[in-house]
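Reader: Could you take me through the aromatic contacts, a helix and the cavities, giving the cut-offs as you go?

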Amino acid sequence: DLSAYLGPQYRGRYLADVLRPDPASHVLIAHTVGHADALTPDDVRPNAPDDSRPKSLAEWIAREGLRCFKVKLRGTDLAWDIDRYLSVFRTVQEARAGSEHDATHCSVDANEQCAAPAYMVEFLAQVSQLNREAFAALRYVEQPTERDLYLHRHDMHDLAALKPVIIDESLTQLADLDEAIARGWSGVALKTCKCPSLMLLIAARAHCEGLMHMVQDLTNPGIALVQSIGLAARIEPSLAVEANARQYYPDTSSPEASIHPGIFAVREGQADTSTIRGNGFGYQIARVDRVLFRTNHCSLWERVW
């Protein structure tokens, strides 16, 4: 049972208690809005790639029916960050006008650049004054301060009183979660690339202790994205899954997309997980036309699948 990893209070509790026996049929996808991303067609630069893919946030929304958005902030320029978030929110509202899915969900990520939590406290205060609807749509703040959790031991309680604060880069081992909870962090970002077994244990604790938890992908393509979406489909995360490989290098995932089309082609803001089935993680690796999976090094995998 989980007590061997999480302590005696988990005696008699198992991973099966927090995992779905079958994956959820669909998983919400969060679209990443980078610092330089065009918001409308008018913002698209002349040298943008000439391909069939969206070049602006508004076009992505029209194509995929997106409703969840992760907005990247600088964390060092308060005026710019406030203007950027509000501009993104206005673009989203205009692009989603008339959508049957009314709710818009946003998060902000300063990627460890804030010198202290007070920066985001002020950010939220000003956003709330300028646009109450944009403030209400903001579901959480992700990793505002440096990844060394023990360097300054920032207290997140004041910030968490305004919006949940999610630990990401700072979370590398189970002990980090103890420190984060003591310091007022509200939840965790789960990344399968940090080790799936560790993420399962952290997800179990987050579930049992009522912490927010969502899956993020670190721009994982191919099988790595299938694994990430598969984890989310089994743990029922608090919000959408980040899946930005489709934005930045979608062709990399073409072999997997032919077997798992619903994972790589978002519709109505969701990924369809119906193909994540079968033994193990449900990757269906034997059907994926990728050279790596056809080499002798994969003979064990072939026998397993």
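Author: A residue is called buried under 20% relative accessible area, exposed over 50% and partly exposed in between, using a 1.4 Å probe and protein chains only. This is a predicted model, in which local features need pLDDT of at least 70 and side-chain atom pairs count only at pLDDT 80 or more, while totals for chains, interfaces and linings use all residues. Residues are numbered from 1 along each chain as its sequence is written, and side-chain values use heavy atoms, with hydrogens and water left out.

Reader: In the aromatic pair of Phe 281 and Tyr 283, what is the angle between the planes?

Author: Rings of Phe, Tyr and Trp (its six-membered ring) pair if their centres lie within 6.5 Å, and planes under 30 degrees apart count as stacked, over 60 as edge-to-face and the rest as tilted. By this rule there are 2 aromatic pairs. In one of them, Phe 281 and Tyr 283 are stacked, with 5.4 Å from centre to centre and an angle between the planes of 15 degrees.

Reader: Is Tyr 283 buried or exposed?

Author: Its partner Phe 281 has a relative accessible area of 43%, and is therefore partly exposed. Tyr 283 has a relative accessibility of 8%, so this residue counts as buried.

Reader: Over the face of which residue does Arg 74 lie?

Author: A charge sits over a ring if NZ of Lys or CZ of Arg is within 6 Å of the ring centre and within 35 degrees of the ring normal. The charged end of Arg 246 meets this rule over the ring of Trp 60, at 5.2 Å from its centre. Arg 74 lies 4.0 Å from the ring centre of Trp 80.

Reader: How far apart are the end C-alpha atoms of helix 3?

Author: Helices (H or I, at least four residues) and strands (E, at least two) are DSSP runs numbered from the N terminus, and the expected span of a helix is 1.5 Å times one less than its number of residues. Helix 3 has 18 residues (78–95), so its expected span is 26 Å, which agrees with the distance between its end C-alpha atoms, 26 Å.

Reader: Which strands give two or more residues to the lining of the largest cavity?

Author: On a 1 Å grid over the protein atoms alone, a cavity is a set of points where a 1.4 Å probe fits but cannot get out, and lining residues have an atom within 4 Å of a point. The lining of the largest cavity includes Cys 68, Phe 69, His 105 and Cys 106. The elements that give two or more residues are strand 2 (68–72) and strand 3 (105–109).

Notes. 1 Å grid on protein atoms, 1.4 Å probe; cavity = no way out; pocket = protein on both sides within 12 Å on 5 of 7 lines; lining within 4 Å.
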